[in-house]
Every structure is written in C-alpha cells, then in structure tokens.
Amino acid sequence: MTAKTMDELVALCKRRGFIFQSNEIYGGLQGLYDYGPLGTELKNNLKQSWWSSMVYERDDIEGLDAAILTSPEVLKQSGHEDTFSDPMVDCKSCGERFRVDQVPDYCKEEDLTEPRQFNLMFKTTMGPIDDGSSFAYLRPETAQQIFVNFKNVLDSTPHHLPFGIAQIGKAFRNEITPRNFIFRVREFEQMELEFFVKEGSDEEWHKTWTDLRIQWWIDQGVSKENMEILYVPDDELAHYSKATVDIMYKFPHGLEELEGIANRTDFDLGSHTKDQENIKIHSNVMRNKNSNSRLAIQNNETKKWEIPFVIEPSAGVDRGVLAILNESYKKEKLDNGKERIVLAFEPHLAPIKAAVIPLKRNNDDLVQKALALKSTLQQQKLGRVIFENTGNIGKSYRKHDEIGTPLCITIDFETLDDKSVTIRDRDTMKQNRMKLDDIPAYFRNYIEAKKL
Ligand code: GAP
C-alpha cells in the first residue's frame, strides 16, 4: 500500500525531519523546500545510486560538476531565451497568475486575461555594477554545461562514440504555479546523462536507455505497476527533441512525469559549435558566431567532421525522492489492534542503516557496549548507523519503522553475560538472538545484498 494522500507524506516528512518548507519562520517561500537530516541522507543515497549505475558500473560514461551560473550566450544558442517559457494567464477575480493548463476550477473563463508567454529562467547580476548589462542565468537544466564541456571531456578522456557525460546538480525554473509539495518547485536537482552516439544509431540507443532507466527505478523500489510510459506527441515535443519518452509515475496527486528520455539529435552540439557552415547539421540551429570550439568528431575514413546525436535520460531528484517516499509508505494493522507506519525503503536508500539501542538508558555497561558496536558498524562505511539512547525500546522501534531503518540492534543484560544481542528486522518485525561478533558480517550482507 502506498501513501493515501500527499498530506500524509508531507506530515511525516516534517515530523521526522525529511523535508521542510523553506524560509518557514518568515512565512515560507513558495516553490522551495529544505531537506532535513533524514531527507538529506535519502536524497544523497538516491543520487549515489544513480551515479554508481551511470559512472562506476559502466566504462563509457564520465562525470561532470559544472557551474550553475550560466552565460546568456549559452542559453541564447540553446534556444532557452526564445522558447523556454510557459503561457500564463491572470485571474482578475482572485488576482492570481496561473499556467494556462493549470487554472483552477474556481476561476471563471471570463475573468482570465489573454495568455502571455512567461520566460521561466532566473537571472542574477554578475560583477559589482547592477545596471542590467552584466548578468548570468541560473541554469534551467544541467544539460547545457555538459554540451559546452563536450570537447574538454573528450580531449581529456580516452573515449570514442558512443560515450556519455553524467551530471547531478541544481536547476532553477521560475514556475508560475509551483505545487504538489516537491513535485513542481522553483529550485530542484536533476540527474542528467547526455549520451553521444553516431547518427543513425540514435533510435536504437533511445530504446536501450528507456529500458535501462525503467529498470533502474524498479531497482530503487518503484513498482512497475505504478509507472507508465508516455510517448510524447510530436506537437508537444521540446524544441530540441526528435522523440521523447516520459516515465510517468502515479504520484499521490496523479500520474505525472518522473523522468524524460529525449532524442536531442545534433541540436545542442550543432547549436554550440563553431564552424557550423562546414559541418552537416541536421537540426534547425541558430547561427553561432561566438563559439571558439568545434563540437564534432572527425570521421577516420572520410576525414569529415560529424556532430554526434544525443540521447538524454533526465530525471528529477526531488520527484525521485517523492516517488520513493510514496512507494515505501505503508500503514499496517498490528496484532494488538494498533497501527504502525513503515517506510520500507530498499536498504541502500534508507537514511539510517541500523540503530544500536541499549535496553536501559544511561546504564554504563550497556551504553559502552552499544557505542562500541555503533562504531564498528559505522567503520564499515555502508551509510549512517546511529546510537539511540532513549531507554524505550518499543518507542524506538516505532520511530525507526517510520523513518525506514532496516535493522535495530538491542544491547541488553544478556549481552553482558553471553555476548548475544537482539536484532530486529523492520519489515517482518521478527527479533532474533545473534552473537555480537556475527553482527558486522550480518549487517554488511544485509545492506550489500539488499535482502538476505
Ligand atoms: N534537460 C532536459 C530537461 O530538463 P525536463 O523534462 O524539463 O527536461 C527533466 O526536466 C526532469 O527534471 C523532469 O522529468 C522532472 O523530473 C524534473 N523537473 C523538471 N522541472 C521540475 C520542477 N519544476 N520541479 C521539480 N522537478 C522538475
């Protein structure tokens, strides 16, 4: 069972320290959220899992971490200055502004203004003089900095086509109507891969990456039944795309895009390259007089410069976190008639991997044993392990169910006699007695093998 409502998730996220409204003590800023202690761990684990699958587990992808502030020249050539906008209307009755496709039912047609285009990019001043002439954009997607670094990466690594460049980082969009918690926000993170391929192999690679990305989400614990594939209709494609497949997910508020996989053709490298007139470019690109780099690869046989095509799987980190929270959320009836809430995260995503709990608070012998075990488990570097000194085991178990800790290990008075501990499994609630010395290996296997 997934979360019933977004409100249940929002409440749990605040109560347990996953996600907070940003700038809350001054009334909040719309469309911005802050990740708390557990949300930060969850988000980092999700990003790490993506990075590992892209960069570490393959030999044809390199990583990049480029600047957020972006030259207007880049976003002019990419088409964002001209086309990265949403049509918006104002409601004369309630005084609010909406995206045309998101006008709420309570606004009457006759109260709406004619639609106007609204560019979604944020600008900021660069340098000491604020006269409007020197500014930079906060990037609206991480992709553009991958394209403009294409030659740098190619020249400094041993790759030939096909190969990719992966990046995780912040992106900013001045959304007209941010909503649905962290689903549509103004500051968010993307995990983007630009995979460069030979023209002609692009359609096959598009299919390959779509399949790989669906499987990756399944590996993160997103059930197949809650995902759908949408082939974006031609008249809704972004200006750079020949074909886009959206992985749609059943969020608590409805079926919406989790990740897009686009065939960006040679549009981006063709837009940013110098020497455009001497290279065959299939896409309709703006004339470029300012680039000083040829973003093309020389064909060994024909000696002609060719611009690679690009397949781009682009996932939102925040939407990923929301989907994972929704998938993991379970409300279960217990034998004693009470209820428990569990976040049944895959172990690699769990913010806390294990809690070590002394049965009696402030009992020196128990506390020392618990601290020593915490330290041993932490040294395995499998993620965060905490020492929990509340003295209330039942309450600790409930809390750790609710924040998704897979294992709780209790140190009690028997531990002092026979060096055994109780280990409790979040999902089954089963408690087993195990030798203290066996715990590190059990813990490692549990986290690494996901499930024993
Ligand atoms: N580089 C391609 C690109 O940016 P996009 O479909 O506009 O394509 C990719 O964005 C992903 O980024 C989306 O699938 C979504 O997960 C995430 N995303 C886009 N806008 C967002 C927003 N305002 N808030 C949260 N996530 C967003």
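# A walk through the helices, cores and loops

Start with two helices: select H2 and helix H7 (residues 202–219), whose axes come within 12 Å and cross at roughly 140 degrees. What you have on screen is a predicted model, so keep that in mind as you click around. The H2–H7 crossing is right-handed. Now show side chains: from H2, pick Leu46, Ser49, Trp50, Ser53 and Met54, and from H7, pick Trp209, Arg213 and Trp216, and you have the residues that make the contact. Colour them by class and you should get five nonpolar, two polar and one charged. If you wonder why angles and distances keep coming up on this tour, it is because two packed helices are described by the angle between their axes and the distance between the axes.

**Zoom out**

Hide the side chains for a moment and look at the whole protein. There are 13 helices and 24 strands to find. The C-alpha trace spans about 80 × 65 × 50 Å along its principal axes. Of the 452 residues, 52% are buried. Take the contacts between residues at least 6 apart in sequence: 63% of them join residues at least 24 apart.

**Into the cores**

In soluble globular proteins, nonpolar side chains tend to be buried together. To see this here, select Phe18, Ile19, Trp50, Trp217, Val321 and Leu325, the residues with the most contacts inside the largest nonpolar core, which has 58 residues. Which helix gives this core its largest share? That is H2 (residues 37–56), your starting point, with seven residues.

Now centre on valine 321. Leaving out residues up to four places away in sequence, valine 321 touches Ile19, Tyr35, Leu42, Lys43, Leu46 and Ile182. There is also a second, separate core of 19 residues, including Leu373, Ile423, Met434 and Ile439.

**Two more helix pairs**

Stay with Leu373 and Ile439, since both turn up in the next contact: Leu373, Thr376 and Leu377 in H10 meet Ile439, Pro440 and Phe443 in H13. Sort these residues by class and you get five nonpolar, one polar and no charged. Show the full helices, H10 (residues 364–378) and H13 (residues 439–448): they pack at an angle of about 45 degrees, with axes 10 Å apart. H10 and H13 are therefore oblique to each other. Their crossing is right-handed.

Next, select helix H1 (residues 6–16) and helix H9 (residues 317–328). The axes of H1 and H9 come within 11 Å and cross at roughly 100 degrees, so these two helices are roughly perpendicular to each other. Met6, Leu9 and Cys13 of H1 make the contact with Leu322, Leu325 and Asn326 of H9. By class, that is five nonpolar, one polar and no charged residues.

**Off to the loops**

Jump to asparagine 149, in the loop between helix H5 (143–148) and helix H6 (150–156). Buried or exposed, what would you guess for asparagine 149? Its relative accessible area is 17%, so asparagine 149 is buried. Leaving out residues up to four places away in sequence, asparagine 149 touches Leu64 and Ala66.

For a contrast, pick aspartate 131, in the loop between strand E8 (122–125) and strand E9 (135–138). Aspartate 131 is exposed, with a relative accessible area of 53%. Try your distance tool here: the C-alpha atoms of aspartate 131 and isoleucine 403 are separated by 49 Å, and these two residues are 272 residues apart along the chain.

**Backbone oddities**

Most residues other than glycine have a negative phi, and most peptide bonds are trans. The last three stops go against that.

- Select leucine 161 and proline 162: a cis peptide bond joins them, with omega about -5 degrees. Proline 162 is in the loop between H6 and strand E10 (163–172).
- Select lysine 419, in the loop between helix H12 (413–418) and strand E23 (420–425). Lysine 419 has a positive phi, near 55 degrees, without being a glycine. Its relative accessibility is 49%, so lysine 419 counts as partly exposed.
- Select methionine 429, in the loop between E23 and strand E24 (431–435). Phi of methionine 429 is also positive, about 65 degrees, although the residue is not a glycine. At 28% relative accessibility, methionine 429 counts as partly exposed.

Key
Residues are numbered from 1 along each chain as its sequence is written. This is a predicted model: local features need pLDDT of at least 70, side-chain atom pairs count only at pLDDT 80 or more; totals for chains, interfaces and linings use all residues. Side-chain values use heavy atoms; hydrogens and water are left out. A nonpolar core is a set of buried Ala, Val, Leu, Ile, Met, Phe, Trp, Tyr and Cys residues joined through side-chain atoms within 4.5 Å. Buried means under 20% relative accessible area, exposed over 50%, partly exposed in between (1.4 Å probe, protein chains only). Helices (H or I, at least four residues) and strands (E, at least two) are DSSP runs, numbered from the N terminus. Contact means heavy atoms within 4.5 Å. Axes are lines fitted to C-alpha atoms, for helices over the stretch in contact, and angles run from 0 to 180 degrees between N-to-C directions. Angles under 35 degrees count as roughly parallel, over 145 as roughly antiparallel, 65 to 115 as roughly perpendicular and the rest as oblique. A crossing is left-handed if the near helix is turned anticlockwise from the far one by less than a right angle, and right-handed if clockwise. Ala, Val, Leu, Ile, Met, Phe, Trp, Tyr, Cys and Pro count as nonpolar, Asp, Glu, Lys and Arg as charged, and the others, Gly among them, as polar.
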